[in-house]
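Work through the exercises below with the sequence and the model at hand. Each task is followed by a solution in steps.

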Amino acid sequence: MPCERKQLRYGHSEGHTEVCFDDSGKYIVTCGNDGDVRIWEGLDDDDPKFITVGEKAYSLALKNGKLVTASSNKAVQIHTFPDGDPDGILTRFTTNATHVTFNRSGTKVAAGSSDFMVKVVEVSDSSKQKTLRGHEAPVLSVTFDPKDEFLASASCDGSVVVWNIEEQTQLISWPLLQKTNDVSNAKSLCRLAWQPGTGKFLAVPVEMKVQLYERGTWDHVSTLTDDLLTQPINVVSWSPCGTFLAAGGVGGSLTVWDVNSKLCVERQKHEKGFTVCGLAWHPSGTQIVFTDTEGCLSLLEGLNTSTSNPEPTQQAAAKKAAKEYDDLFDDDDDRLMDEGLSETNSPVKKPVTGDDDDDDDDLMPSTGRVRNRGAILDDENSLDTGSLRLGLDKFGEDDDDAGSAVVPPAAPSVPLRPVYEGPMPTPPQKAFQPGSTPAHLTHRFMMWNSVGIIRGYNDEQDNAIDVEFHDSAVHHAMHLTNSLGHTMADISQEAVLLASPSTDELASKLQCLHFSSWDTNKEWMVDLPQGEDARALCLGQGWAAVATSTLMLRLFSIGGVQKEIFSLPGPIVCMSGHGEQLLVVYHRATGFDGDQALGVQLLQFGRRRKQLIHGENLPLSQRSFLLWLGFTAEGTPCYVDSEGVVRMLNRSLGNTWTPVCNTRETCRSKSDHYWVVGVHENPQQLRCIPCKGSRFPPTLPRPAVAILPFKLPLCQTSTEKGQMEEQFLRSVLFHNHYSFLSSSGYEIDEDGQSRSQKEQQELLMKMFALSCKLEREFRCVELAEMMTQNVVTLAIRYASRSRRMNLAQRLSEIALEKANQVLEEELEEQEQEPHYSRQTSRYEQSESTGGRYSRRPTQEEDEEEQEEELREEEDAQEMDTEELTETRKRVNPFAKEAGSPVKPPSLTPINKVGRANPFKVQGSGKPSFAPGQPRVSNILDNMTASRKSASLSGSAGKPGKGPVLKPLAPRAKPKTQSNLLQMTSKKTASKKPLESPEPPAEEQKQAEAPPPAPPADKSENTENQRPKTGFQLWLEENRKSIIADQPDLDETDVIKEAMGRFRTLTAEERLSWTERAKGQSGEAADPKKRKRAEGGEVEGGGGENENGQAEAKKKKSLDPSSKLSAFAFNKN
């Protein structure tokens, strides 16, 4: 085998150097003592690309575009090839790794270390690791069996060991080497090599010889020697065909043997006599590249791996070598058929089969594809592919001509086993605890959330659990002995919940440390039924939940009472709790092509238990899995997938999931990740831990928490328009929780809510101004549809000043339309509002919980409310700009208490939860208004403000911005009436609850008949305390005509019909009716009303209460520009 040795060239600084080819043979890849990995396009490449992996690089392996290196940072890291981008850390050791290698398929990496351990790690999921313990000194080398069943390793303790990978046990150990205390002192690196393809022989360099051990029997079958070898062999490497074995030794010897004849076919000597420490064959088998301990590399070229057997001239040399090799081991064909799945992946056997057996040519493409897929599935241990493999093996092992006797019996089985060509199932994701690191780690986080941290230690010295609280006022830190072997944990403001898996002797246990209990027994424990294991657990407010392996979810009270049990639709993945909410994620089906098919349920406990999300799909990024699940601090469900996308529940859009952040965008490299520990909506913060080269952080040193901003993935966020749209949408989404908390009876931060609403309206106005500049008037109208009435008037003013009168006219129509829409919604809400007021006990509950309970208004109240809205609309149209500005700054007249400080009004969305009862009656039965507040208020102020009181949170003092309604005479016992604002205040705790109103049918009867007459003075007071409006005056004169046209209308429908007709009048006609009404009201002021005004109780809607206001009312000219300016006001 004559060959040519190329000239030596410098590659790395002095020290141990390793080398390999890439899969195609195009690149030579080396690593050395300078910490660099260099990628050479040939030996003559004078400018190789390099990747710095650490201070020193000890070993490298390359497969399927993945470059794995062992460097001086005690880690095994992975880079993409040939780009060289970091792609994560596969595993870590306590000392430096000494050797790394891929298995044949490139799905696993084995690494040996100076800490005596060998680890086998899945490339796709580094959390799947197997640790092989047994060596008593640093590991010199590792090599995979081609069929992934076994792994061989050599160590400084003098032993060469064969391991069973799956069982993590030693099969056999040979004491072959000289013992040393460190790799640097070893006479030989003893780089083992397993024969490719069948894996029949394991080659072990021992002194000046190479010993071959047979797979299975582990007998020493032969020895390869050469008389010219005088120094130990360092490294051996098989040719791709498996026929030749190359060896490099101390002193620079290079030897190639033909394994069949056991003859030395090539001898070369290093030109400078340096020790050869790296050796690799080119995939074609025609070149050998080698490196030495001085950092140099060279090449042996022109190797001829053909044999003397005559073959057709059409076949390539590689096929000849494979042919003879197959003939050599023909007696093993029967055994190979049983292991055909791995065997058919041989790069040599596939072409041989295709060429030698023309009858099965049509089977080759599908056979190759399914076999590859089967190898992936079998590697994941996720599916039973026995039947699939059996069908393939029967017709796929026609290896060579010599084995043709086996083919005929196998042929009939082809049609019996159809080949599946569809999408392949994805291995289901295993159950996990959000906020925990993998369970195989000796030191790990069992839980990290917004309450505290639970750490687990399980090593030779200790098996314990440490509990630490972020706020030491909740509880002091705890150290627990983990005698039960707990693997899952959760922590809340009330308790710590732990669970352990079952063993052969013990059942799975659930243990709760209820530290907030007021009695002396602060711990309880439950054994799960036989054969049932805890898979996930979580804590909420007053409850604990555990999901088990039998698709069961068990609910306990925090004190240990079993409260509920129900079945899950699929195997649990994880779950999380917050307050009264429980979020459960499970496998709803089998995913395909890398996707997980997960379902989600959201349950809410409390007085009325309900399911908010009923097992819908949980959206994930393509080919990703769930990484974290939880709630924001405000109680909104959210989760993170393995692609770094954070999604949050959008309750206002039918419980859909909106992506709010992508943590990968802020990662500097592909191997970096963020480990999420908490989410906050106000302020908007994603709290997470940066993990460099890993998906999760180490327990020590304590990792630092970073804060990431949120950003919705909208289009064109680099433009001003896109940025404002993103800010607006994010503000709306992140403040939906106010509505949910308010409706659930929780206290809310009303100042924060008002600030968010103001921020949203300001953003809308900015987008409106930008659209005006871009002359996008249609877009302006679209934006105005989302504005409140107050901001629409500001938009009208802006459009008028921009001389866009057509736009201003359209906006004025929108303003009127919004006013009408709110009135209609008000009527519908009054008709549909449930009769919570019938349950007196719930009124009492609302004082402490802020429950959403309000008295249903009668039809008379509805009528007065509608009249009042129309009257205010007239007032708004006739006021000039100064009057509008002054009115906007006024506060809703329904103050919380007499003399209390007055807060400015806030912009509030129409859909705000909670409805203000307009009848705030003090103990005397008289309506109470803040002193000095005028009765007239702008229609736009009242429209913007919600029809529902913001005081549902229990802080009754905040003024609700409801419409100004005319209080009616109380039906009975006026002193007992109190509005919702008073009910939620502690100051009214001693007052009587409101009496239950009659059913709606009786209310309708009362609408037709005059209301029952209470004491005379109260009745007169209530009737005469406000002037008539223009609409009321018009209705009195036209009521008969309306009834004559439609005699079957009841009173409410008459009001609606009258409102519709009154709106059809021109502005001049409506203004004249308003003037007539004012003239009557000025002459007919009631003496009792004056007396009460002098006593300090000012009516909240009369137009004559302030001199300044009366003087400010002037009759406006009726040209179009003046009509438009009536909607304008200054921003406060």
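The exercises concern cysteines, salt bridges and surface charge in this predicted model.

**Exercise 1.** Determine how many disulfides the whole structure holds, and check C190 and C277.

Solution.
- A disulfide requires two cysteine sulfur atoms within 2.5 Å.
- For C190, the closest cysteine sulfur belongs to C156 and is 9.8 Å away, so the gap is too far for a bond.
- For C277, the closest cysteine sulfur is that of C31, at 9.2 Å, again too far for a bond.
- The search over the whole structure gives zero disulfides.
- As for surroundings, C190 is buried at 0% relative accessibility, and C277 is buried at 2%.

**Exercise 2.** Find which parts of the chain are joined by the salt bridge of E468 with R455, and by that of R1061 with D1045.

Solution.
- The closest N and O atoms of E468 and R455 are 3.0 Å apart, which is within the 4 Å limit.
- E468 belongs to strand 32 and R455 to strand 31, so the bridge ties together parts 13 residues apart in sequence.
- R455 is buried at 9%, while E468 is partly exposed at 24%.
- R1061 and D1045 meet at 3.2 Å, N to O.
- Here helix 22 holds R1061 and helix 21 holds D1045, so parts 16 residues apart are tied together.

**Exercise 3.** Name the residues of the negative surface patch and the helices that supply them.

Solution.
- The patch consists of E782, E785, E813 and E817.
- Helix 11 (777-785) and helix 13 (805-832) each supply at least two of its residues.
- E782 is in helix 11 and is partly exposed, at 45% relative accessibility.

How values were computed:
Residues are numbered from 1 along each chain as its sequence is written. This is a predicted model: local features need pLDDT of at least 70, side-chain atom pairs count only at pLDDT 80 or more; totals for chains, interfaces and linings use all residues. Side-chain values use heavy atoms; hydrogens and water are left out. Patches are made of residues with over 30% relative accessible area and no salt bridge: like charges are joined within 9 Å, nonpolar side chains (Val, Leu, Ile, Met, Phe, Trp, Tyr) within 5 Å. Accessible areas come from the Shrake-Rupley method with a 1.4 Å probe; for residues, only the protein chains shown count as cover. A salt bridge is a side-chain nitrogen of Lys or Arg within 4 Å of a carboxyl oxygen of Asp or Glu. Lys and Arg count as positive and Asp and Glu as negative; His and the chain ends are not counted. The place of a charge is taken as NZ of Lys, CZ of Arg, CG of Asp or CD of Glu. Helices (H or I, at least four residues) and strands (E, at least two) are DSSP runs, numbered from the N terminus. Buried means under 20% relative accessible area, exposed over 50%, partly exposed in between (1.4 Å probe, protein chains only).
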